[in-house]
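Open your viewer and get ready to select a few residues. We will start at one side chain and work outwards.

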Amino acid sequence: MKEQARHQDRRNEPNPYATREDFIKVFREDMNGLYQLSFLLTGHHEKAERCLVAGIEDCVKENLVFREWARSWAKRIIVANAIRELKPRPSLPSAPPSATVSSHSEQSSGYRGHFDLEAVFKLGDFERFVFVMSVLENYSQHECALFLGCSVLEIRQARLHALEELAISEGAQRQLVA
């Protein structure tokens, strides 16, 4: 009797998982932001659109994702689709760990300052992915490495290289204005 009452109580509880409608709402509310993420990752409008459409299709399939995580799940799906589309691989030769200059902090500082979009698109695919994921989207170096199928060292090197290239580009822009 008690078991039957407990089972009845569970059926009356609200569903904690995101539904198809929850994901549709996420994409409706944040279509521009999700497209911008896709475009920053891919660097091409057509590829960005393909990743976004595939992301919508992937999200509305039955997923056991908590409702509160639906927005971040949608972003992760966009990132995963962009990785499948471009297959970014490290282009820098691996330096010995002692020659690597990087922060010991696993989480990025969350830099959200201004950057030259053209300079971001001039980065190699791998460096652009690492920049967008680690700097703009605050993925940890470990998460980036898992997503991109490489080592944390390669993520650190690519992040450093991307930030150096963007700083050089910003310096060149300032010289042109002055």
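**Start at Phe129**

Select Phe129: setting aside neighbours within four places in sequence, Phe129 is in contact (heavy atoms within 4.5 Å) with Leu41, Val79, Ala82, Ile83, Leu86, Pro88 and Leu148. This is a predicted model, in which local features need pLDDT of at least 70 and side-chain atom pairs count only at pLDDT 80 or more, while totals for chains, interfaces and linings use all residues. Residues are numbered from 1 along each chain as its sequence is written, and side-chain values use heavy atoms, with hydrogens and water left out.

**Next, two helices**

Now show helix H3 (residues 31-42) and helix H7 (residues 125-136), which are DSSP runs of H or I, at least four residues, numbered from the N terminus. H3 and H7 pack with their axes 8 Å apart, at an angle of about 140°. That angle makes H3 oblique to H7 (not under 35 degrees, over 145 or 65 to 115). Colour Leu37, Leu40, Leu41 and Thr42 of H3, then Arg128, Phe129, Val132, Met133 and Leu136 of H7, to see the contact. Its residues divide into seven nonpolar, one polar and one charged.

**Then the core**

The largest nonpolar core (buried Ala, Val, Leu, Ile, Met, Phe, Trp, Tyr and Cys joined through side-chain atoms within 4.5 Å) has 41 residues. Select Leu41, Phe129, Phe131, Met133, Leu148 and Ile155, which have the most contacts inside this core. Among the helices that each supply at least two of its residues are H5 (70-86) and H9 (152-177).

**Zoom out**

The protein chain comes to nine helices and zero strands. Buried residues (under 20% relative accessible area, 1.4 Å probe, protein chains only) make up 35% of its 178 residues.

Terms used
Axes are lines fitted to C-alpha atoms, for helices over the stretch in contact, and angles run from 0 to 180 degrees between N-to-C directions. Ala, Val, Leu, Ile, Met, Phe, Trp, Tyr, Cys and Pro count as nonpolar, Asp, Glu, Lys and Arg as charged, and the others, Gly among them, as polar. Buried means under 20% relative accessible area, exposed over 50%, partly exposed in between (1.4 Å probe, protein chains only).
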